[in-house]
Amino acid sequence: FGDMFGGYPVVDEKALLKETVRRVIVGQGNRFIKELLRDRKLPIGSTKADFSTNLMKAIDDGALTVMDVESWLVEVEGWGNQHIYFFKAPDIDPTTVRAVMAASPLAALVGAQGAMVFPDELQLSTIDVQDNGVLFAWHRGNDRWIHVPTKDQRRVEDGDLWEYRAFRQRSNRTVVRFEWRFDLPYCSIMMQLPNEGTIHTDCLKTVWEAVSEAGLVEAATPSVPLTNAVNALSGSVAGVKATGRKMQAEGAYLDMVSTVQDVSISQVEALRAANGAIDPTKFHSADGRFRLDVAQHGTLSRTLGFDISGGAGRARIAVQCLRHDIHYLSDLIWERNVAP
């Protein structure tokens, strides 16, 4: 069972890191893996196989450490391909958060490494407390097997024909986060879970129970409807294309959709006229579909398409992106939601 130290097996950190690379990092988008290699001044290559080879060599050489991977995953893993719920910020002095967390039952998770965690069920794995904010992260490992027909084989053995079908293991992780940036009047819960049945309701309950246990709130803070943001972004906003707007009234709804790719409802004359004539105060909620063009939002890493469910206080972004992109988008939605 290997060498022992203090009664526990000595962990081969490099072997564990390689397993993390195999199970998580190679499941990230190629462009993000390239950034990891580039930031560490490591050879990049041109294919995912090259990336994997170069990452493994970097681990063997000591050029890539657990802390490197941990920091990288915080920025790229689980950002995008997610739902974002908006809530009012906790009613606690941000300057006391470190002390409150240190005295809480969850203190052992503060600063814990989450890169190696692959639980079968969603599990709170790490809490990050900084001077500018606090972030809770839950992880769940997901393994699936993908049939690769080109690797299938047929053999004749002892007069019998045998057929072997090959499957490649594909691993990734589901990530759920609670984040409160102290300079903002809102916090958010972000989840990579399908909005089916009670999945989101159950997850929100789990998150708030942990935040309460940590001492940051007594109970869930109020959800913030985003109908004002939908209505504001559906107008003429520089760099924002509104490709759909659905407004709900008692017993009825109004739905406007552009059926031409990358064309907003404000670019269709008939819809522009109808949109401008709407009195949003006659509707109790609104949903919208939007697109932020990277050419007009220079700090984004890519163009972002997103939906907002105004009544539910939820946004949905369907592409992988960076932590900064989610912050940029969340702040934009919030600003448009509270603007007169």
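# Exercises on a predicted model

Strand S10 (residues 240-249) and strand S11 (residues 252-257) run antiparallel and are joined by six bridges. Before we start, a word on conventions: this is a predicted model, in which local features need pLDDT of at least 70, side-chain atom pairs count only at pLDDT 80 or more, and totals for chains, interfaces and linings use all residues. Residues are numbered from 1 along each chain as its sequence is written, and side-chain values use heavy atoms, with hydrogens and water left out.

## Exercise 1: Two hairpins

Describe how S10 and S11 are connected, then do the same for S13 and S14.

*Step 1.* Fix the terms. Helices (H or I, at least four residues) and strands (E, at least two) are DSSP runs, numbered from the N terminus. Two strands pair if DSSP finds at least two bridges between them.

*Step 2.* Look at S10 and S11. Gln 248 has Tyr 253 in S11 as its bridge partner. The two strands form a hairpin with two residues between them, and Gly 251 in the turn has a positive phi of about 80 degrees.

*Step 3.* Move on to strand S13 (residues 304-309), which pairs antiparallel with strand S14 (residues 314-320) over four bridges. Phe 306 stands opposite Ile 317 in S14. Here the hairpin has four residues between its strands, and Gly 313 in the turn shows a positive phi of about 65 degrees.

*Step 4.* Add the other neighbour of S13. Strand S12 (residues 285-292) is antiparallel to S13, with six bridges between them. Leu 292 finds its bridge partner in Leu 304 of S13.

## Exercise 2: The buried side of H6

Work out where the buried residues of helix H6 sit around its axis.

*Step 1.* Check the geometry. H6 (residues 199-213) has 15 residues and reaches 21 Å from its first C-alpha to its last, close to the 21 Å expected at 1.5 Å a residue; the expected span is 1.5 Å times one less than the number of residues.

*Step 2.* List the buried residues (under 20% relative accessible area; exposed means over 50%, partly exposed in between, with a 1.4 Å probe and protein chains only). They are His 200, Cys 203, Leu 204, Val 207, Trp 208, Ala 210 and Val 211.

*Step 3.* Take the arc, which uses the directions from the helix axis to the C-beta atoms. These residues cover only 160 degrees, which puts them on the same side of H6.

*Step 4.* Turn the helix over. The face away from the buried side carries the exposed residues Thr 201 and Lys 205. After H6 comes Gly 215, with a positive phi near 95 degrees.

## Exercise 3: Comparing with H2

Find the buried residues of helix H2 (residues 30-39) and what covers them.

*Step 1.* The buried residues of H2 are Phe 32, Ile 33, Leu 36 and Leu 37. Their arc around the axis is only 140 degrees, so they lie on the same side of H2.

*Step 2.* Their cover includes helix H3 (48-61), helix H4 (66-76) and S14.

*Step 3.* Lys 41 follows H2 and has a positive phi, near 55 degrees.

## Exercise 4: Aromatic pairs

Classify the ring pairs Phe 87 with Trp 208 and Tyr 186 with Trp 334.

*Step 1.* Set the criteria. Rings of Phe, Tyr and Trp (its six-membered ring) pair if their centres lie within 6.5 Å; planes under 30 degrees apart count as stacked, over 60 as edge-to-face and the rest as tilted. The whole structure holds eight aromatic pairs.

*Step 2.* Phe 87 and Trp 208 have ring centres 5.2 Å apart and planes at 85 degrees, so this pair is edge-to-face. Phe 87 lies in strand S3 (residues 80-88) and Trp 208 in H6, so the pair ties together parts that are 121 residues apart in sequence. Both residues are buried.

*Step 3.* Tyr 186 and Trp 334 are stacked, at 4.8 Å centre to centre and 25 degrees between the planes. Tyr 186 belongs to strand S9 (residues 186-191) and Trp 334 to helix H9 (residues 323-338), so this pair ties together parts that are 148 residues apart in sequence. Tyr 186 and Trp 334 are both buried.

*Step 4.* Finish with the cluster: ring pairs link Phe 87, Phe 136, Trp 138, Phe 178 and Trp 208.

Definitions and conventions
Contact means heavy atoms within 4.5 Å.
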